[in-house]
Amino acid sequence: MRLSPAVSQPSLEPAAGLPYLKPMTADPAPSGLAGVTAAAKVAGARGLPPVHLWHPEHCGEIDIRIRKDGVWFHEGTPIGREALVRLFSTVLRLDPDGYHLVTPVEKLKIQVEDAPFVATRVDHVGDILRFETNVGDVVEAGPDNAVRVDTDAATGEPRPYLHVRRGLEALIARPVFYELAELAVERDTPDGPRLGVASNGAWFPIAPAGAHRP
């Protein structure tokens with residue numbers, strides 16, 4: 001029996017000096033987004049991805065910006081898919097040099113104008129203040145998740161924040177802050193009487209000393 005000539009099969013080995021995969025940082029859009037999306041889906045299948053345990057070697061930038069009101073933009077266009085924004089939020093990490101989307105194999109820097117999240121709701125349940133963010137996080141204020149209030153240098157208005165996880169904060173939306181103000185009670189502090197709110201055994205001042213008094 002005559003045998004047919006062997007059909008040449010493509011080699012599974014990479015050519016000398018070439019990696020199996022092109023680094024996503026070489027072309028961060030769209031390949032960078034695709035890589036982040038895929039990694040976040042896999043890693044987050046059982047909860048929040050452990051981004052604090054990932055130390056990727058590859059690092060670059062991607063044209064993603066989170067505006068002050070919490071809207072995410074990619075290349076100047078709002079990301080309209082809420083599910084995609086929530087997915088990206090799970091792999092967001094704050095490092096000393098800024099905010100990054102992190103996977104096990106790469107770290108892509110993004111721009112954040114203020115806080116990356118917005119607290120859009122608060123429920124007062126017993127002695128607990130339970131917040132919900134625009135990306136679906138549910139956070140109970142307490143010793144590990146503090147409420148703090150800064151003052152806007154330009155307007156003099158309060159800028160309230162809630163710690164969400166590992167240094168990431170949510171700007172507390174104005175209607176939510178008004179709800180906190182209604183719950184606030186006065187306490188004596190070393191700086192004088194202040195208004196604040198309590199949650200999970202912790203107390204958080206929300207206004208300067210004496211600001212609530214005429």
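In this predicted model, Arg65 sits over the face of Phe73, 4.6 Å from the centre of the ring. Arg65 also has a second partner: a salt bridge joins Arg65 to Glu113, with the closest N and O atoms 2.7 Å apart. This pair brings together distant parts of the chain, since Arg65 belongs to strand 1 (residues 58-66) while Glu113 lies in the loop between strand 6 (106-112) and strand 7, 48 residues apart. Arg65 is partly exposed, at a relative accessible area of 28%, and Glu113 is likewise partly exposed, at 37%.

It helps to step back and look at the whole protein. The secondary structure consists of 3 helices and 15 strands. Of the 214 residues, 41% are buried. The protein exposes about 12,700 Å², and carbon and sulfur atoms supply 54% of that area. Among contacts between residues at least 6 apart in sequence, 49% join residues at least 24 apart. A search for aromatic pairs across the whole structure finds 1.

Salt bridges are another feature to follow through the model, and the structure holds 12 of them. One of these connects Arg67 and Asp69, whose closest N and O atoms are 2.7 Å apart. Arg67 counts as partly exposed, with 31% relative accessibility, and Asp69 is also partly exposed, with 43%. A further salt bridge links Asp95 with Arg93, the closest N and O atoms being 2.9 Å apart. Here both residues, Asp95 and Arg93, are buried. The two also take part in a network of salt bridges that links Arg93, Asp95 and Lys107.

Phe117 offers a view of the interior. This residue lies in strand 7, which spans residues 117-125. Phe117 has a relative accessible area of 0%, and because buried means under 20%, Phe117 counts as buried. What surrounds Phe117? Leaving aside residues up to four places away in sequence, Phe117 touches Ser89, Leu92, Thr133, Asn134, Val135, Asp137, Val164, Arg165, Leu168, Glu169, Ala170 and Leu171. Another residue to locate from here is Trp72, which is 45 residues from Phe117 along the chain, with 9.9 Å separating the two C-alpha atoms.

Conventions:
Residues numbered from 1 in each chain as written. Predicted model: local features only at pLDDT ≥ 70, side-chain atom pairs only at ≥ 80, totals over all residues. Heavy atoms only, no water. Helix = DSSP H or I, 4+ residues; strand = E, 2+ residues; numbered from the N terminus. Buried < 20%, exposed > 50% of the residue type's maximum accessible area, 1.4 Å probe, protein only. Contact = heavy atoms within 4.5 Å. Areas by Shrake-Rupley, 256 points an atom, 1.4 Å probe, with all protein chains shown as cover. Phe/Tyr/Trp six-rings, centres within 6.5 Å; stacked < 30°, edge-to-face > 60°. Lys NZ or Arg CZ within 6 Å of the ring centre and 35° of its normal. Salt bridge = Lys/Arg side-chain N within 4 Å of Asp/Glu carboxyl O.
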